[in-house]
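Here is a set of short questions about how structural labels are earned. Each answer sets a value against its cut-off.

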Amino acid sequence: MKSEEKYVIGLFLDISGAFDSAWWPEVLRVLREWQCPNNIYRLVRDYFRGRTVTLKAGNGEASKSITKGCPQGSVVGPLLWNILFDGFLRLPFEEGISARAYADDGLLLVKADTSPELMRKATRALELVTRWGEERKMTFSKEKTVMVLLKGKLMERFIKVNMGDITIRCSNETKYLGVVIRSGLKFAGHYDQVIDKTMKAFGKLKGLAKANNGMRCENLRRLYIGALEPMMLYGCEMWGQRMRGRGEKSKLMSLQRKLLLGVVKGYSTMSHEAVRVIAGVIPLDLMVEERLRRRRDKEAGVESNESKTMRREETLDEWQRRWEASTKGRETFAFVPDVRERKRVHWETDHYTSQFVSGHGNFKAKLKSFNLVEDDRCSHCRELETSQHVLMECPFYEEERRELKVLLQEKNMTWEKRNFLRSKEVAIEFSRMCRRIGTKKHEFENARR
């Protein structure tokens with residue numbers, strides 16, 4: 001947190017009944033104060049009129065007129081609340097105190113150089129907030145309001161901040177707008193929450209990701225990009241600035257790898273680097289950094305589309321640099337040396353294609369390296385059975401290669417790995433070849449057992 005003061009605390013305010021406590025006379029008063037056009041004012045005033053709540057019990061019922069609350073599910077409800085709660089942000093706090101709010105979640109940041117000054121400022125700020133709320137028939141819950149030390153080192157039990165007749169609870173951790181924040185403005189708890197939440201969501205999809213007869217990899221990829229990735233990146237403009245430790249970063253990168261292994265239906269021995277290229281998904285830490293840069297651009301007034309294009313190019317440049325420098329995933333690199341080409345040429349992977357492109361799969365040479373088989377030689381020609389041998393060399397699978405070879409000849413392209421995924425048409429035929437070879441190999445091995 002950028003602050004010259006020695007200490008900073010966050011007071012996370014809880015409003016009892018929030019939207020149900022929006023007092024209509026105050027909303028109308030604020031509209032008058034803002035010099036709202038008469039036609040809009042009268043529309044809002046009439047919107048409030050004639051509203052009742054009815055309780056039915058047995059054969060009887062009782063009704064009562066109401067004067068507060070934002071109607072549930074209404075389009076205008078959030079706007080009415082913002083009109084009312086705007087005054088919270090305009091309260092005349094003393095220097096060193098600032099207010100933040102989103103919907104009904106209020107936050108006070110209190111800064112000071114000494115602990116007595118910190119506690120005094122915080123208590124006076126809460127008095128002002130409480131009084132403001134009472135005048136508008138709004139109650140701030142003293143029991144649920146939480147205080148967290150965001151900067152500086154103080155024994156939490158010595159921080160005494162009062163809200164009326166109650167001392168506010170000083171906590172080591174709280175959740176604000178879905179982000180878990182710990183003392184010292186740390187987010188280790190948030191990373192754990194993201195991992196748990198995302199894995200539970202993916203667990204529900206895991207049964208759909210069976211190797212050969214489950215949901216297609218492309219559909220799984222869309223679910224990842226549309227649902228799981230946003231879940232992991234939520235709030236990264238806040239916590240991404242503090243993600244400096246290797247342990248914190250590795251947790252999220254490992255999470256992404258686990259998810260993408262399910263997406264591409266690959267073997268668990270596949271490297272971080274390879275699985276992201278095969279899936280065509282940008283490394284998560286680079287996505288976080290891109291969002292941080294775009295946020296800084298927005299604050300600097302850079303146009304949104306310009307920022308988006310510029311920052312994505314930087315992200316792809318860094319991904320390419322990593323991919324070239326890595327010692328992992330070199331079999332995949334032979335197929336896809338350029339990550340931009342992977343993003344540009346859409347090709348769909350599957351269980352067999354992932355094995356051949358990664359080099360990790362049901363190949364005797366690879367299995368023997370893990371002491372899973374004794375013989376690493378091909379059953380047909382007694383050559384070393386690697387993924388390359390099965391895919392490109394073994395005469396037993398020559399018929400399965402024929403259609404791809406013909407297509408490459410028509411396009412004046414040579415029989416080499418880097419040409420298999422350079423165009424969509426060739427990539428589709430390559431995947432078909434992988435399935436033909438993989439299926440034939442699987443059936444042959446089953447027949448021998």
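The questions below cover confidence, burial, the sheet, the cavities and a pocket.

Q: What makes the numbers here usable, and how are residues counted?
A: This is a predicted model, where local features need pLDDT of at least 70, side-chain atom pairs count only at pLDDT 80 or more, and totals for chains, interfaces and linings use all residues. Residues are numbered from 1 along each chain as its sequence is written, and side-chain values use heavy atoms, with hydrogens and water left out.

Q: How confident is the predictor in the protein, and which elements have the lowest and highest mean pLDDT?
A: pLDDT is the predictor's confidence in each residue, from 0 to 100. The protein averages 90, and 96% of the residues score at least 70. Among the elements, strand 9 (residues 169-170) has the lowest mean, 84. Helix 12 (residues 330-335) has the highest, 97. Helices (H or I, at least four residues) and strands (E, at least two) are DSSP runs, numbered from the N terminus.

Q: Why is Val148 called buried?
A: Buried means under 20% relative accessible area, exposed means over 50%, and partly exposed lies in between (1.4 Å probe, protein chains only). Val148 has 0%, so Val148 is buried. Val148 lies in strand 6 (residues 146-151).

Q: What is Val148 in contact with, leaving aside its neighbours within four places in sequence?
A: Contact means heavy atoms within 4.5 Å. The partners of Val148 include Val8, Ile9, Gly10 and Phe12. Also among them are Ser171, Glu173, Thr174, Arg182 and Ser183. Thr174 is 26 residues away along the chain, with 7.5 Å between the C-alpha atoms.

Q: Why is Glu94 called partly exposed?
A: Its relative accessible area is 27%, so Glu94 is placed in the partly exposed class. Glu94 sits in the loop between helix 3 (77-89) and strand 4. Beyond its neighbours within four places in sequence, Glu94 is in contact with Arg120, Lys121 and Arg124. Glu94 and Val110 are 16 residues apart in sequence and 9.7 Å apart in space, C-alpha to C-alpha.

Q: What is the strand order in the open sheet, and what makes two strands a pair?
A: Two strands pair if DSSP finds at least two bridges between them. Five strands form the open sheet in the order 4-5-1-6-9, with mixed pairing. Strand 4 (97-102) and strand 9 each have a single partner strand, so they stand at the edges. One side of each is left without a neighbour in the sheet.

Q: How do you know that strand 1 pairs with strand 5 and with strand 6?
A: Count the bridges. Seven join strand 1 to strand 5, running antiparallel. Five join strand 1 (residues 7-13) to strand 6, also antiparallel. Gly10 stands opposite Leu109 in strand 5, and Ile9 stands opposite Leu149 in strand 6.

Q: What joins strand 4 to strand 5?
A: Six bridges join these antiparallel strands. Tyr102 has Asp105 in strand 5 as its bridge partner. The two strands form a hairpin with two residues between them. Ala103 in the turn has a positive phi of about 55°.

Q: Why is strand 5 described as largely enclosed by the rest of the structure?
A: Six of the eight residues of strand 5 (residues 105-112) are buried, so the description follows.

Q: What makes a space a cavity, and how many are there of 30 Å³ or more?
A: On a 1 Å grid over the protein atoms alone, a cavity is a set of points where a 1.4 Å probe fits but cannot get out. A pocket is an open set with protein on both sides within 12 Å along at least five of seven lines. Lining residues have an atom within 4 Å of a point. Grid points are joined across faces, edges and corners, and a volume is the space filled by probe spheres set on the points. The count comes to two cavities of 30 Å³ or more. The largest has about 60 Å³ of space, and helix 6 gives three residues, the largest share of its lining. The second largest cavity has about 30 Å³, and helix 18 (residues 424-448) gives the most to its lining, three residues.

Q: Which residues lie nearest the centre of the second largest pocket?
A: They are Met253, His272, Glu273, Arg276 and Arg322, out of 17 lining residues. The pocket holds about 350 Å³ of space.
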